[in-house]
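Okay, thanks for coming, everyone. I've got one protein to walk you through today, so let's put it up on the screen.

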Amino acid sequence: MTVHVFITQPIARSAIERLRQAAQVNCNTDPVHIMTHKELCAAVREHDILFCLLPDQIDDEVMACNPKLRAIASMKITPSDIDVAAATARGIPVTVIPPIATEATADLHFGLLLAVARRIVEGDRMLRSGIFPGGQSTYLEGAGVSGKTLGLIGGGGRIGRAVARRARGFSMRNLYWAPRRIAEDEEHELGMRYVTLDQLLRQSDFVSIHAPLKPETRHLIGVRELALMKPTAFLVNTARGPIVDEQALVQSLTDRRIAGAALDVYEHEPRVEPALLKMSNVVLTPHLGSAVSELREVMAHVVVDNILAIVEGRQPPNCWNAEIYASRG
């Protein structure tokens, strides 16, 4: 019997072609359209397997649209925005991908840091509008990066450590805070010093967020924490939007309590706080951490690996709720 797979946004052509060797594949072909709840329900009704991407929210109501749904195959490292408990109760495997976006996300993170400090986006917009203030004009003076202090919140993780390695090339002083310290030899290798969160906020010229999103990290950076930062400091976030209280951030930027922010993630994605869109001292990108073509191709093929295993009756290699296979005996 033919297996029908629906992909919620375009992915690498090579991955689609490989998947088509084993299944009938349909896809939302618009790369800027995030499928609505109603559209997801309609897709699930007509397909056996849902291949979903980062912005898709898959709740029990979506799953209920097809009692014979065989799998939810996500191109994410963790299945946030998927009701895994509901899927498990229905015996539906939820698959993910390994943490392979570390270096790409760290590249973007440091790019955002440089962009907001040196006012690169402002300069680009000004030049395109026909204004060239001169090579030694004071108009676009920004902040230096080399030799400054970088504070890594959640810095003991993969991406935090990758950013720390990049910062060493800029002779930066690396502070970090995390629930647990990394090994002393690794601290020495990366030039990282463990401090409390408050110390990090007070001392850093750039506050760099790398913590995972958990109940205890939601609004980890709020009014109190932003007030501890230097008025010359910048906040950079490529982790998860809800770690930062966006309203508090807007107020801090409006009151010039901090110098600026660079964000790739947002509290209510895909909606962005309108006030942020109007601020010249804020650099914004639409969740581009893994947006490297060769990496995205690898990611898509990992999802295909998971789907092919399911089609062939095997346990997929990256199953988040593998306990459903144990219960099947």
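Before anything else, one bit of vocabulary: when I say two residues touch, I mean that they have heavy atoms within 4.5 Å of each other. And keep in mind that this is a predicted model.

With that in hand, let's start at Thr285. What does Thr285 touch, if we skip residues up to four places away in sequence? The list is Leu108, Leu112, Leu263, Asp264 and Tyr266. One of those, Asp264, also makes a polar contact with Thr285, side chain to side chain, at 2.7 Å. As for where we are in the fold, Thr285 sits in the loop that runs from strand E12, residues 282-284, to helix H13, residues 293-311. Is this loop residue buried or exposed? Buried: its relative accessible area is 16%, and the cut-off for buried is under 20%.

Okay, next stop, Met192. This one belongs to strand E8, residues 192-194. Met192 is buried as well, with a relative accessible area of 5%. Leaving out residues up to four places away in sequence, its contacts include Leu152, Tyr176, Ile182 and Ala164. If you want a feel for distance, take Met192 and Arg45: they're 147 residues apart in sequence, and their C-alphas are 51 Å apart in space.

Hang on to Ala164, because it takes us to helix H7, residues 158-168, where Ala164 is one of the buried residues. The others on that list are Gly160, Ala162, Val163, Arg166 and Ala167. So yes, there's an arginine among the buried ones. What do the buried residues of H7 pack against? Two helices, H5 (102-118) and H8 (184-190), plus strands E6 (149-153), E7 (173-177), E8 and E9 (206-209). That's the E8 that holds Met192.

Now let's zoom out to the whole protein. There are 14 helices and twelve strands, and the C-alpha trace spans about 70 × 50 × 30 Å along its principal axes. For 329 residues you'd expect a compact globule to have a radius of gyration near 20 Å, and this one comes in at 22 Å, so that agrees. Half the residues, 50%, count as buried. Among contacts between residues at least 6 apart in sequence, 60% join residues at least 24 apart.

Last, the surface and the charges. The protein exposes about 16,100 Å², with carbon and sulfur atoms supplying 52% of that. We have 36 positive and 37 negative side chains, and the centres of those two sets are 3 Å apart. That's my tour, thanks!

Technical notes. Residues are numbered from 1 along each chain as its sequence is written. This is a predicted model: local features need pLDDT of at least 70, side-chain atom pairs count only at pLDDT 80 or more; totals for chains, interfaces and linings use all residues. Side-chain values use heavy atoms; hydrogens and water are left out. Helices (H or I, at least four residues) and strands (E, at least two) are DSSP runs, numbered from the N terminus. The radius of gyration is taken over C-alpha atoms; the globule rule is 2.2 Å times the number of residues to the power 0.38. Buried means under 20% relative accessible area, exposed over 50%, partly exposed in between (1.4 Å probe, protein chains only). Accessible areas come from the Shrake-Rupley method with a 1.4 Å probe; for residues, only the protein chains shown count as cover. Lys and Arg count as positive and Asp and Glu as negative; His and the chain ends are not counted. The place of a charge is taken as NZ of Lys, CZ of Arg, CG of Asp or CD of Glu. A polar contact is a pair of N or O atoms within 3.5 Å; within protein, one must be able to donate a hydrogen and the other to accept it, and residues adjacent in sequence count only if both atoms are side-chain atoms.
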